[in-house]
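User: Please take a close look at one part of this model and then relate it to the rest of the chain. I should like the reasoning set out wherever a classification depends on a cut-off.

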Amino acid sequence: MMDLDVLLSMIENPTRRKILESLVKMPRYPLQLSKELGISQQAVMKNLSVLEKNGMVVSYRESSSIGPERTVYEPNSEFTLIVDMRNGMFSARMVEPKGERKDVDVDNLKEMRSKVIDIDNELEQLEKRYSELMREKESIIASVISKQDGYAQKSLAYEILDAPKKTVEELSKDLNARTDVVKEMIDDIERRMKDNKEGEKDEQ
């Protein structure tokens, strides 16, 4: 899979995004892209070269009935890019598509449009649920961090909750701290949360 930083550097350019948006519909040659997008052929070629160098598109030669052979470009990668920036949270990751694309019997345009509408509706529901879950995660992290004192404790609390599957050893490596120190800090965080909880009960 392509490196995330490379991918972000590729698609941050508006011209390259327009080129990719066109190529995913069907293969095209530079002159077609230039006319379709209203961009000079020189700019198209420059950006196609960058995309091909980084593995996002491939090119091949195609004969033409009205002139010499021409170079045609098509996409060479698939990905989903997810970027989340919220209060106390930031993540950016690529998700590689799973499974193989299946051929679909197409004989009725109306029926195909209806199926696509159903798919889009389901995707909207999934996005809504994703947003709800991320908001819940954000609330948990913010609540725990707010009860910590000092930069070190807040940083560790964030790391523990933002990547909860990490072991103490992995956390120690990420934070450049000794394992025993990290374990002691985790115990302190747990004691602090317990004390806060008991304090809230006493106030009631």
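Analyst: In this predicted model, helix H6 comprises the twelve residues 151-162 and reaches 16 Å from its first C-alpha to its last, close to the 16 Å expected at 1.5 Å a residue. Its buried residues are Gln153, Leu156, Ala157 and Tyr158.

The same test of length can be applied to helix H4, residues 41-53. At 1.5 Å a residue its 13 residues should span 18 Å, and the separation of its end C-alpha atoms, 18 Å, agrees with this. Within H4, Val44, Asn47, Leu48 and Leu51 are buried. These residues cover an arc of only 105° around the axis and therefore lie on the same side of H4. The spacing has a general background: an α-helix has 3.6 residues a turn, so residues three or four places apart point the same way. The face of H4 turned away from this buried side carries Gln42, Lys46 and Lys53, which are exposed.

What packs against the buried side of H4? The partners are three helices, H1 (4-11), H2 (14-23) and H3 (30-37), together with the strands S1 (57-64) and S2 (67-75). Just after H4, Gly55 adopts a positive phi of about 80°.

Of these partners, H2 has a buried side of its own, made up of Arg16, Ile19, Leu20, Ser22 and Leu23. Seen down the axis of H2, they fall within an arc of 160°, so they line one face of the helix. The cover over the buried residues of H2 includes H1, H3, H4, S1 and S2. At the N-terminal end of H2, Asn13 acts as a cap, with a side-chain oxygen 2.9 Å from the backbone nitrogen of Thr15.

Arg16, located in H2, connects the two descriptions. Its relative accessibility is 9%, and because buried means under 20%, Arg16 counts as buried. A polar atom of the Arg16 side chain lies 3.0 Å from the backbone oxygen of Ser9. Beyond neighbours within four places in sequence, Arg16 is in contact with Ser9, Met10, Asn47, Val50 and Leu51. Asn47 and Leu51, among these contacts, also belong to the buried residues of H4.

H3 meets H4 through a comparable residue, Ser34, whose place is in H3. With a relative accessible area of 13%, Ser34 is buried. A polar atom of its side chain is 2.5 Å from the backbone oxygen of Ile39. Not counting residues up to four places away in sequence, Ser34 touches Ile39, Ser40, Gln41 and Val44; Val44 is in turn one of the buried residues of H4.

Further along the chain, Tyr130 lies in helix H5, residues 109-146. Its relative accessible area of 29% makes Tyr130 partly exposed, since that class runs between the 20% limit for buried and the 50% limit for exposed. The side chain of Tyr130 forms a polar contact of 2.3 Å with the side chain of Asp84. Ile82 and Arg93, along with Asp84, are the residues that Tyr130 contacts beyond four places in sequence. By comparison with these contacts, Lys154 is remote: its C-alpha atom is separated by 26 Å from that of Tyr130, 24 residues away along the chain.

The loop between helix H7 (168-175) and helix H8 (179-203) contains Asn176. Phi of Asn176 is near 55°, a positive value in a residue other than glycine. As a general rule, most residues other than glycine have a negative phi. At 73% relative accessibility, Asn176 counts as exposed.

These parts belong to a chain with eight helices and four strands, arranged along the sequence as α-α-α-α-β-β-β-β-α-α-α-α. A compact globule of 204 residues would have a radius of gyration near 17 Å, whereas this chain has 25 Å. Along its principal axes, the C-alpha trace spans about 85 × 45 × 30 Å. Of the 204 residues, 23% count as buried. The accessible surface comes to about 15,100 Å², with 50% belonging to carbon and sulfur atoms. Among contacts with a separation of 6 or more, 48% join residues 24 or more positions apart.

Technical notes
Residues are numbered from 1 along each chain as its sequence is written. This is a predicted model: local features need pLDDT of at least 70, side-chain atom pairs count only at pLDDT 80 or more; totals for chains, interfaces and linings use all residues. Side-chain values use heavy atoms; hydrogens and water are left out. The expected span of a helix is 1.5 Å times one less than its number of residues. Buried means under 20% relative accessible area, exposed over 50%, partly exposed in between (1.4 Å probe, protein chains only). The arc is that of the directions from the helix axis to the C-beta atoms. Contact means heavy atoms within 4.5 Å. A polar contact is a pair of N or O atoms within 3.5 Å; within protein, one must be able to donate a hydrogen and the other to accept it, and residues adjacent in sequence count only if both atoms are side-chain atoms. The radius of gyration is taken over C-alpha atoms; the globule rule is 2.2 Å times the number of residues to the power 0.38. Accessible areas come from the Shrake-Rupley method with a 1.4 Å probe; for residues, only the protein chains shown count as cover.
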